[in-house]
Amino acid sequence: METVSTARAFGGTQGIYRHASSATGTEMTFSVYVPEHAAGARLPVIWYLSGLTCTHANVTDKGEYRRACAEHGLIFVAPDTSPRGEDVPDDPAGAYDFGLGAGFYVDATQAPFDRHYRMWSYVTQELPALVAEQFPADMDAQGIMGHSMGGHGALTIGLSHSDRYRAVSAFAPIVAPSQVPWGQKALGGYLGDDRAAWRRHDAVALIEDGARLPELLVDQGDADNFLAEQLRPELLAEACSAARIDLTLRMQPGYDHSYHFISTFMADHLAWHAARLK
C-alpha cells in the first residue's frame with residue numbers, strides 16, 4: 001500500500017492511499033480518516049460508497065464528515081466507484097452512467113467488463129482485508145452508507161451481509177435499479193439479460209426475496225431532479241413495510257442531489273451509526 005498524502009484534521013489523520021488490486025486488476029485509490037485515539041485502541045469503521053461520476057475525492061473534499069468522526073471515534077473509508085486505467089473499458093458512447101466512475105458495486109459477468117469491473121469483491125473482500133491489516137479498525141463494528149449509486153451499493157451490500165454491518169444508511173439511493181433506467185442499463189451491461197441475476201443487486205428485490213435488516217436510515221431531498229425517474233424511495237418504503245423493516249425515510253424539503261445535501265445530514269448519519277456500533 002502506497003501513501004499518496006496525509007493531512008491533520010480535527011486531531012486525526014486524513015490519508016489518501018493507493019494499492020494494486022487483485023480484484024480489479026488495476027491500481028485503486030481510496031481515502032481513510034482515522035481520528036485521534038489511544039494507543040492500541042480499535043475503532044468502528046464506516047464505509048462510504050460514492051455515486052455516479054465520483055471518485056474517493058468527492059466525499060473526502062466535500063462530505064464534511066471529519067468533525068463528527070473525531071467526536072464519535074469513527075474510522076471513515078471511501079473507496080473509488082470503479083476500476084480505472086488505460087486498459088479498463090468504458091461506455092462505448094462515453095456516457096456518464098456506465099463504465100468508468102459507474103461500477104455499480106457489482107462483479108461483472110459480461111465481456112469486456114468482467115475482467116476489471118469487480119467492485120463487489122473489492123468492496124466486500126479485498127479492501128476490508130487491507131483496512132483491517134493497515135489501520136486500527138474494529139472489524140466487528142462496521143457500518144456502511146452511500147449516496148445515489150453508492151446508496152444502492154450500501155443497501156445491497158448491507159442486506160447481503162447483515163451479519164457484518166451493524167448499521168446501514170443512505171443518501172438518495174437508487175433503491176430498485178431493476179425498475180429504473182440507470183439500473184437497467186448498468187445491470188444489463190454488467191450482468192447480462194437474465195433479470196434473475198439482477199435481483200441480488202437490487203435492494204427492493206433482495207427484501208422481497210427475504211433479506212432483512214433490523215432498521216435503515218435514508219435521507220432524500222424532495223427537490224432532487226432524479227427523484228421520480230431514478231430513485232423511487234416509495235418502492236423501498238413499500239418493501240420495508242411489507243417485510244417489517246424499521247425504515248426511517250426522511251424527505252428533506254428543498255434539498256437536491258448534491259453534496260450540499262449530503263454534507264448537511266452527514267453528521268446525523270454518523271451519530272446514528274455510532275450509536276449502533278458502540
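**View 1. R66 sits with its charged end over the ring of Y65.** In this predicted model, the charged end of R66 is 4.8 Å from the centre of the Y65 ring. Y65 also has aromatic company: together with Y33, Y48 and F76, Y65 forms one aromatic cluster. A second arginine worth a visit is R200, which lies over the face of W120 at 5.0 Å from the ring centre.

**View 2. E2 and R18 meet in a salt bridge between two strands.** The closest N and O atoms of E2 and R18 are 3.1 Å apart. E2 belongs to strand β1 (residues 2–9) and R18 to strand β2 (residues 12–20), so this contact ties together parts that are 16 residues apart in sequence. Both ends of the pair are partly exposed: E2 has a relative accessibility of 41%, and R18 has a relative accessible area of 25%. If you are wondering how many such contacts there are, a search of the whole structure gives 12 salt bridges. As a friendly reminder, side chains of opposite charge can pair when their charged atoms come close.

**View 3. K185 reaches D97 through a salt bridge.** Here the N to O distance is 2.7 Å. K185 is in helix α5 (residues 181–191), while D97 is in the loop between β5 (75–78) and α3 (119–134), so the two side chains tie together parts 88 residues apart in sequence. Are the two partners buried or exposed? K185 is partly exposed, at a relative accessible area of 32%, whereas D97 is buried, at 13%.

**View 4. R250 and D268 form a salt bridge between a strand and a helix.** Their side chains meet at 3.2 Å, N to O. R250 sits in strand β9 (residues 246–252) and D268 in helix α10 (residues 259–277), so the pair ties together parts that are 18 residues apart in sequence. R250 is partly exposed, with a relative accessible area of 27%, and D268 is partly exposed too, with 38%. Elsewhere, salt bridges with shared partners join E2, R18 and E27 into one network.

**View 5. The largest nonpolar core has 89 residues.** Which members touch the most others? They are F30, Y48, F76, V77, Y190, M266 and L270. Helix α10 is the top contributor to this core, giving 8 residues. In soluble globular proteins, nonpolar side chains tend to be buried together. Y48 and F76 may look familiar, as both belong to the aromatic cluster with Y33 and Y65.

**View 6. Y17 and F135 make an edge-to-face ring pair.** The structure holds 16 aromatic pairs. In this one, the ring centres of Y17 and F135 are 5.2 Å apart and the planes are at 70°, so the pair counts as edge-to-face. The two rings link distant parts of the chain: Y17 is in strand β2 and F135 is in the loop between α3 and β6 (137–147), 118 residues apart. Y17 and F135 are both buried.

**View 7. F171 and F261 also pair edge-to-face.** The centres of these two rings lie 6.0 Å apart, with the planes at 85°, so F171 and F261 are an edge-to-face pair. F171 is in strand β7 (residues 165–171) and F261 in helix α10, which puts the linked parts of the chain 90 residues apart. F171 and F261 are both buried.

**View 8. Strand β8 pairs with β7 and with β9.** β7 and β8 run parallel and are joined by 3 bridges, and A170 has V218 in β8 as its bridge partner. β8 and β9 also pair in the parallel sense, over 7 bridges; for Q220, the bridge partner in β9 is M251. Why is β8 described as largely enclosed by the rest of the structure? Of the 7 residues in β8 (residues 215–221), 6 are buried, so the description fits.

**View 9. The cysteines form 0 disulfides.** A disulfide is a covalent bond between the sulfur atoms of two cysteines. For C54, the closest cysteine sulfur is that of C69, and at 18 Å it is too far for a bond. C54 is buried, with a relative accessible area of 7%. C240 is buried as well, with a relative accessible area of 1%.

Notes:
Residues numbered from 1 in each chain as written. Predicted model: local features only at pLDDT ≥ 70, side-chain atom pairs only at ≥ 80, totals over all residues. Heavy atoms only, no water. Salt bridge = Lys/Arg side-chain N within 4 Å of Asp/Glu carboxyl O. Helix = DSSP H or I, 4+ residues; strand = E, 2+ residues; numbered from the N terminus. Buried < 20%, exposed > 50% of the residue type's maximum accessible area, 1.4 Å probe, protein only. Core = buried A, V, L, I, M, F, W, Y, C linked by side-chain atoms within 4.5 Å. Disulfide = S-S within 2.5 Å. Phe/Tyr/Trp six-rings, centres within 6.5 Å; stacked < 30°, edge-to-face > 60°. Lys NZ or Arg CZ within 6 Å of the ring centre and 35° of its normal. Pairing = 2+ DSSP bridges.
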